[in-house]
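Me: I am new to reading protein structures, and I would like a close look at a single part, taken slowly and in connected steps. Please give me a little of the surroundings before you settle on that part.

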Amino acid sequence: MKKLLTFFVLYILCSTNAFSQVEDRFAALTQKNVELYALPFATAFGTAMNSGGYHSADIADWFGFSISFQGMYMLIPDDDLTFTPSLPDGYTAGPTATIFGDKGSAYAGPAGYITTPPGVNVSAMPMALPQVSLSFMGTEVMFRYLPEIELGDKGEKLSLFGIGAKHSISRYIPLIPIDVAVQVLYSKLEITNLVESKNLAFNAHASKTFGILTPYFGLQFESSSLDLTYEINGDPLSGDPALQVDKKVSVSLDGDNSFRATLGAALKLAIFVLNADVNLGSLTTFTGGLSFEF
Amino acid sequence: MNKIIKAFVVVFAITLSFVSNSCDKFDTFEFNVPFSIDVTVQGNNSSVSDSTIYCLNQSETYQDYVEDMRQLTFVEAAWRTDAVQYISSGDIEITVSINGGATLFQKTLTNVNPSSYQSPNGPFVLSLTDTEIQALNTYLNSYLENPNQCIKAKVKATVKSPLPVTQTVYLKGIIDMVVEAETEI
């Protein structure tokens, strides 16, 4: 189990390596263009953080415990790979890469070239999160937590905290053939002085157990915000006056994720549960989880 | 039971590894480095020329990342006019070469009014051949190894109007270039 935990911590660090490069990428973008460049990431990251909250609507009547690792895989649509930057008068803007796109661009104009950074050239974004749940009398509380982890040599620290509460509705409805529950999730991921992501989700979900197999379905409303702080690395020769001097910039983005439908199934073998689901919303997301629960 | 646990862990880890893009995506960072070379020509003849020596390490962006750069690739080049006097029509010949060495590219803007490429107008984008691009790329990557070998940008302006030349003709132009730097982070 210790090795598995190590694997997941390493995996999360790997997934968040993108963060350690954002300053370099953002440093060449104006505030307006950073908003366009990073918006797909706000959506994908928010979608990930709001995923994997459940794999059954059945909640223990007395006491239950679960520790699980959830992996998410968000497909990035083609529209989210490019954006058209806002440029000064005299420049003709064409498409360039978002943070998920490929090559950056160079725009010739009356004050010299304006360049935009490349993306990381991916068509999907994976993530993994550990979580622990405790349930009692039809109510479940879930925690997602990572202790502070130092990233790179600039002193940034990654921290993650999430909490969720879930309550069984079906326990109040006699003879109902399926389990139904509602859940609220909140999570916050922060890299000091660089990124803060806050995510909120509310869902209703249902499941039905057939032996070791539990299909489940859910509908979820959600929101995500991503606050970025970065410093423009001013270049006096830049064609864009907004990029000619050093400047600290703060940007707040709201992800496009607002609603999703989830369909999946869980396989329970003694105290181990393996689950997988597909989420259809602003992004198509696949979630897989391995849980140890009783 | 231990076998089941191990099987789950292996399946889950393999699945995640499969869908993961791995850390490799973030090991390198390819970004565009713009730089500009100013060249001023002036004189009382119908044909005037001058040149400027430029070293890439004069670029602040280049300096910021040079320690981690692995490769440089030419992206685009353009000519723009910063100031012009007494040339309403003429040829502008731009030659970029290794200082004391081979020519990397040469382009001529024929029968142009230099002010057509002066702000607020856009620049003239120089269209390089594959051979010229290859020569530039070879030079750029040799520069990473030998930063003392700078480039020389020469501009020759041939006045076609107004003639005869009775005033000191003056042309200050800028050769803008962009190279893509592959950098290890």
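Reply: In this predicted model, residues 24 or more positions apart account for 59% of the contacts in chain A with a separation of 6 or more. Chain A has 294 residues, of which 48% count as buried, and its C-alpha atoms fill a box of roughly 75 × 35 × 25 Å along the principal axes. Three helices and 15 strands make up the list of helices and strands in chain A.

With that as background, let us turn to chain B and to the part I have chosen, a sheet with a helix packed on it. The sheet is an open one, built from four strands of chain B in the order 2-7-4-5, with antiparallel pairing. Strand 2 (47-54) and strand 5 (103-112) of chain B are its edge strands, each pairing on one side only. If direction is ignored, neighbouring strands of this sheet are turned by 10° against each other on average.

We can now walk across the sheet, strand by strand. Strand 2 of chain B pairs with strand 7 (residues 151-161) of chain B in the antiparallel sense over eight bridges, and B:Ile53 stands opposite B:Lys152 in strand 7 of chain B. Strand 7 of chain B is in turn joined to strand 4 of chain B by ten bridges, and these two strands also run antiparallel. Here B:Ile92 is a helpful residue to find in the picture, as it stands opposite B:Ala157 in strand 7 of chain B and also opposite B:Leu109 in strand 5 of chain B. Seven bridges join strand 4 of chain B to strand 5 of chain B, again antiparallel; these two strands form a hairpin with four residues between them, and B:Gly100 in the turn has a positive phi of about 80°.

Next comes the helix. Helix 3 (residues 130-145) of chain B touches strand 4 (89-98) and strand 5 of chain B as it packs on the sheet, and its direction makes about 135° with that of strand 5 of chain B. Helix 3 of chain B has 16 residues and reaches 23 Å from its first C-alpha to its last, close to the 22 Å expected at 1.5 Å a residue.

Which residues of helix 3 of chain B are buried? They are B:Ala135, B:Leu136, B:Tyr139, B:Leu140 and B:Tyr143, and because they cover an arc of only 135° around the axis, they lie on the same side of helix 3 of chain B. An α-helix has 3.6 residues a turn, so residues three or four places apart point the same way. The buried residues of helix 3 of chain B are covered by parts that include strand 3 (69-85), strand 4, strand 5 and strand 8 of chain B, whereas the face turned away from the buried side carries the exposed residues B:Asp130, B:Thr131 and B:Glu145.

Finally, we can look at the nonpolar cores. The largest has 48 residues, and those with the most contacts inside it are B:Trp79, B:Ala153, B:Ala157, B:Ile175 and B:Val179. Strand 8 (residues 169-184) of chain B gives the most to this core, with eight residues. Leaving aside its neighbours within four places in sequence, B:Ile175 is in contact with several residues, including B:Trp79, B:Ile94, B:Val96 and B:Ala153. Another core, of 42 residues, lies apart from the largest one, and among its residues are A:Ala38, A:Met125, A:Leu158 and A:Ile232.

Methods: Residues numbered from 1 in each chain as written. Chains lettered and ligands numbered in written order. Predicted model: local features only at pLDDT ≥ 70, side-chain atom pairs only at ≥ 80, totals over all residues. Pairing = 2+ DSSP bridges. Axes fitted to C-alpha atoms, helices over the stretch in contact; angles between N-to-C directions. Contact = placed C-beta atoms within 7 Å. Core = buried A, V, L, I, M, F, W, Y, C linked by C-beta atoms within 7 Å. Buried ≥ 20, exposed ≤ 12 C-beta atoms within 10 Å, placed from the backbone. Expected span 1.5 Å × (residues − 1). Arc of directions from axis to C-beta.
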